[in-house]
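Reader: Before I rely on any labels in this model, I would like to hear the reasoning behind them. Could you take me through it step by step?

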Amino acid sequence: MNKTKLLTILMALTILIAGCSTTSGGSSNSAAEGPLEITIARAFDITGLDPGFLTENAQVVDNIFDTLVKRDENEKLVPGLAESWSKVDDTTWEFKLRQGVKFTNDETFNAEAVKYSIDRVLNPDNNAPTASYISTLQEVKVIDEYTVHVITKKPDPLVPTRFNRYPTEILPPKYTEEAGQEQFAQKPVGTGPYQFVSWEKGSSVELEANPNYWGGEPEVKKVTFRSIPEASTRVSALLNNEVDIITAVSPEDREKVTSSTTAKLSTVERAGNTVYVGLKTEEEPFNNPKVRQALNYAIDVKSIVENVLQGAAVETNSLIGPKDFGYAGEFDAYEYDPEKAKALLTEAGYPNGFSSKLDTVGWYIKNTDVAQVIAEQLKAVGINITVNNVESSVYRTLVPSGKQSGMYVLGWSSTNTLDADAAIYAILRSGESYSTYANPDVDAKLDEARSTTDEARRTALYKEIQEKVLQEAPRIFLYQENQYYGIASDLNWNGRVDGSIPVSTITAANQ
């Protein structure tokens, strides 16, 4: 063999080996090294992958499914599976659907799939946990194969927004019926940029890129969502190059990430849950407004934010965040005043305080520490609290079924619509699964606010609702969390205000 021929063979082998290179571990590799594969570590595992029946955020299913409308990097509504939409009359919206789209099992996306997906969430027999997000809808009518009319019960200005995230993801009717609800939640099929590969419960979910995605095949070819509950372990995994993105970086770990040469910190202020202590207002002693007001005066929220959370949240009395339509700024109410709390307890007939239990769960920043401090501060005004840490999967069913304790920690956000309706309707409207409060006047205003197209009127209604709720204090108002992500330096991505992690937008940093 002459030297020229030998050199040609060696070069060919080198190219072949490079082309077959993949990453088997958790760390990413650049596009130049081979297909980009990443691992994202979150604080909790998932309980199901059916977007119509989620009891958690949609960070994983966002990547498997599409909605008719999407949000771009500036959170602006842009076409998704619908190429356009328009209002026909006060209660009818028309969506023109994208043609030529297939689910990853080769079923065709069309108007029947849209109607099927929405009908199963609206069907009261299915008891979908987030059905209230679209309970303004009357029905979906199929006009032709690629046109639907969405009919609302009353005028609803939020219809396009409601079709941009859960629970309005579009499912393949034939496969979903054959699989059944339980099986579909284990092995989902969508039209999204990624397709489901496997789910090791309690550990990880693996997805791979959809090579036929209508929006173009993503640069990240494989993504694994890992569950790592312990915050310090997540940071160690990131800094040891075992994972590429971590969520919920704890306050004390932020410096470790920012000082690292292999990772960076992405901060999104007030993008997290608004955390509060809910009170079961139908039960004694929480059925007394003076008791509820006393609880608010007894808690030093500023101290909790500064000393426990180390500034990882923003103290707020507002039920609606600054990213939401309907935000009316911060309200003056309930400055820390333990003497006033004692006086109110005496007026309410509890001069010696009372005892109660406070449920909490590890979904929120330093939740146990916060709950213990709340218990200590309430003890100072004569209220004895037992902190009850509830396991995550139990809490997901306990609260919507109304079986939690009289006091319970809960966080809520509006990430599916970025509107006041999502921020407060489900947790204040009487009869809703997550509400433990009932006020006919507030109910009427909530209903009117979601059915008027007059933005000035909507803004005024949400301000009036907040003023009334602050006065009646069905909760202890606490703070809104910031979101902190740790990201490997060799990736281009930053956290979003809607809390989603669209993996198709992640690219290698060397581009």
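Reader: How many residues does the largest nonpolar core have, and which have the most contacts inside it?

Author: In this predicted model, the largest nonpolar core has 148 residues, and those with the most contacts inside it are L68, F95, L97, F109 and Y479. Helix 12, residues 420-428, gives the largest share of this core, seven residues. As for L97, leaving aside residues up to four places away in sequence, its contacts include L68, L81, F109, V114 and V148.

Reader: What makes the protein as compact as a globular protein of that length?

Author: The radius of gyration is 25 Å, and the globule rule gives 24 Å for 511 residues; the two values are close, so the protein counts as compact for a globular protein of that length.

Reader: Why is R162 called buried, and what about D421?

Author: The cut-off for buried is under 20% relative accessible area. R162 has a relative accessibility of 3%, and therefore counts as buried; D421, also at 3%, therefore counts as buried as well.

Reader: How do you know that the side chains of R162 and D421 meet in a salt bridge?

Author: The criterion is a side-chain nitrogen of Lys or Arg within 4 Å of a carboxyl oxygen of Asp or Glu, and for R162 and D421 the N to O distance is 3.1 Å, which satisfies it. This pair links distant parts of the chain, with R162 in helix 3 and D421 in helix 12, 259 residues apart.

Reader: Why is E347 called exposed while K290 is called partly exposed?

Author: Exposed requires over 50% relative accessible area; E347 has 51% and is therefore exposed, whereas K290, at 34%, counts as partly exposed because its value lies between the 20% and 50% limits. The side chains of E347 and K290 meet in a salt bridge at 3.1 Å, N to O, and this pair joins helix 9 to helix 7 across 57 residues.

Reader: What makes helix 7 mostly covered?

Author: Eight of the ten residues of helix 7 are buried, among them V291, L295 and Y297, and what covers the buried residues includes strand 13, helix 9, helix 10, helix 14 and strand 18. At the N-terminal end, N288 caps helix 7 with a side-chain oxygen 2.9 Å from the backbone nitrogen of K290.

Reader: Why is D244 said to have no salt bridge?

Author: A salt bridge needs a distance within 4 Å, but the nearest side chain of opposite charge to D244, that of R226, is 9.0 Å away, and therefore buried D244 has none. The side chain of D244 does reach the backbone nitrogen of T39, at 2.7 Å.

Conventions. Residues are numbered from 1 along each chain as its sequence is written. This is a predicted model: local features need pLDDT of at least 70, side-chain atom pairs count only at pLDDT 80 or more; totals for chains, interfaces and linings use all residues. Side-chain values use heavy atoms; hydrogens and water are left out. Buried means under 20% relative accessible area, exposed over 50%, partly exposed in between (1.4 Å probe, protein chains only). Lys and Arg count as positive and Asp and Glu as negative; His and the chain ends are not counted. A polar contact is a pair of N or O atoms within 3.5 Å; within protein, one must be able to donate a hydrogen and the other to accept it, and residues adjacent in sequence count only if both atoms are side-chain atoms. Helices (H or I, at least four residues) and strands (E, at least two) are DSSP runs, numbered from the N terminus. Contact means heavy atoms within 4.5 Å. A nonpolar core is a set of buried Ala, Val, Leu, Ile, Met, Phe, Trp, Tyr and Cys residues joined through side-chain atoms within 4.5 Å. The radius of gyration is taken over C-alpha atoms; the globule rule is 2.2 Å times the number of residues to the power 0.38.
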